[in-house]
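Open the model in a viewer and keep the selection tool at hand. The stops below move from one contact to its surroundings, and then to the nucleic acid.

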There are 2 protein chains.
Amino acid sequence: MTKKVDAKGRVSVPSAFRTVLTRLDIRDLYVFQDFVFPAISIAGPEVLERFERHIDQGDPFSMEANKMSLLIHGGGVFMKLDGEGRLVVSDFIRDFAGITDQVTFVGRGDYFQLWEPSALTRMQDETRRERMEQSVRST
Amino acid sequence: MTKKVDAKGRVSVPSAFRTVLTRLDIRDLYVFQDFVFPAISIAGPEVLERFERHIDQGDPFSMEANKMSLLIHGGGVFMKLDGEGRLVVSDFIRDFAGITDQVTFVGRGDYFQLWEPSALTRMQDETRRERMEQSVRST
DNA sequence: TAAAATCCCATTGACGCCCAATTTTGCCCA
DNA sequence: TGGGCAAAATTGGGCGTCAATGGGATTTTA
């Protein structure tokens, strides 16, 4: 699901994703740096709370928990779509995800990600290779 | 079972495959990139759910689980057939399977695949050759 | 007050849905 | 066994709707 960024730096969020958002009655989007990938994750506030709960389950003094907390709170901003369901691709998004003029949308249930197209395929190819090697080993 | 893509980019799914789908009462199709072959696999939504359940068993923040999620969610879309049982061959399908104007259908029990015709024969030849070499070694 | 962000509207294009024409298939009968 | 026929499948294309796009106009902010 790849879309072009227009001259004003906007991308229209595919209607499939917008449908999910409206069904969940989400108007304000929390846009943050993904925990493991060079991608931007976009979710409603309640998903944010879920992440926080998960972090709270761990050791509050662990490096892991603190890093994640930092990513969530320090690495995110609130945004909203314009009347036509478009999102402004800010420098925050461009820099972290390496996006220039194309964005690939990846839905993940109740939230979705923005990827630089080739970065996504690279990561997917890498994962496929790993899976292949695994199955070879188990032969 | 090779079919041509029409001027509008559609292929009619052979009735044999559609029969299977209707028998399983599948209206929405989960169309995803095959894990091992350069082909598109098409199945019902329950296949995606099975994948998701498998992922949910692990740590949602682990690299492992996230990579699998990326493969599943980033490599699959939902589609449905038109009134005459045709499927639009989107860029998503074309790019991954290398399909241009012809599609070969391969049934695999409860799901089926879309192949670029020559890619399928190449893969079959390769497999045949490997089997030959195996039998020679074991002689 | 200039630049940027936001809102608004017109146009384009893609897609779903429909109907008609044509081809293929399975079956019956001479 | 070879037609002939009816049903089913496939194919081609028209048309309306809505998402996507492009470009002003207007407001906000620094």
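Start with Glu130(A) and Lys67(B): their side chains meet in a salt bridge, N to O at 2.8 Å. The term stands for a side-chain nitrogen of Lys or Arg within 4 Å of a carboxyl oxygen of Asp or Glu. Between chain B and chain A the count is two salt bridges.

Before going on, note that this is a predicted model, in which local features need pLDDT of at least 70 and side-chain atom pairs count only at pLDDT 80 or more, while totals for chains, interfaces and linings use all residues. Residues are numbered from 1 along each chain as its sequence is written, chains are lettered from A and ligands numbered from 1 in the order in which they are written, and side-chain values use heavy atoms, with hydrogens and water left out.

Next, select helix 3 of chain B, residues 63-73 (helices are DSSP runs of H or I, at least four residues, numbered from the N terminus). This helix gives eight residues to the side of chain B that touches chain A, the largest share. By class, that side holds nine nonpolar, six polar and three charged residues. Here Ala, Val, Leu, Ile, Met, Phe, Trp, Tyr, Cys and Pro are nonpolar, Asp, Glu, Lys and Arg are charged, and the others, Gly among them, are polar.

Widen the selection to the whole interface. Chain B puts 18 residues in contact with 20 residues of chain A, contact meaning heavy atoms within 4.5 Å. The two chains bury about 1800 Å² between them, 65% of it on carbon and sulfur atoms; buried area is the accessible area (1.4 Å probe) lost on putting two parts together, summed over both. Colour Phe61(B), Lys67(B) and Leu70(B): they supply 41% of the area that chain B buries against chain A, more than any other three residues.

Now move to DNA strand C. Which residues are around DNA strand C? Select Lys8(A), Arg10(A), Glu84(A), Arg86(A), Lys8(B), Glu84(B) and Arg86(B), taking as near any residue with a heavy atom within 4 Å. These divide into no nonpolar, no polar and seven charged. Of the strand's atoms within 4 Å of the protein, 0% belong to sugar or phosphate and the rest to bases.

Finish on single distances to base nitrogens of the strand. A polar side-chain atom of Glu84(A) lies at 3.0 Å, one of Arg86(A) at 3.3 Å, and a side-chain N or O atom of Glu84(B) at 2.9 Å.

Methods:
A polar contact is a pair of N or O atoms within 3.5 Å; within protein, one must be able to donate a hydrogen and the other to accept it, and residues adjacent in sequence count only if both atoms are side-chain atoms. Helices (H or I, at least four residues) and strands (E, at least two) are DSSP runs, numbered from the N terminus.
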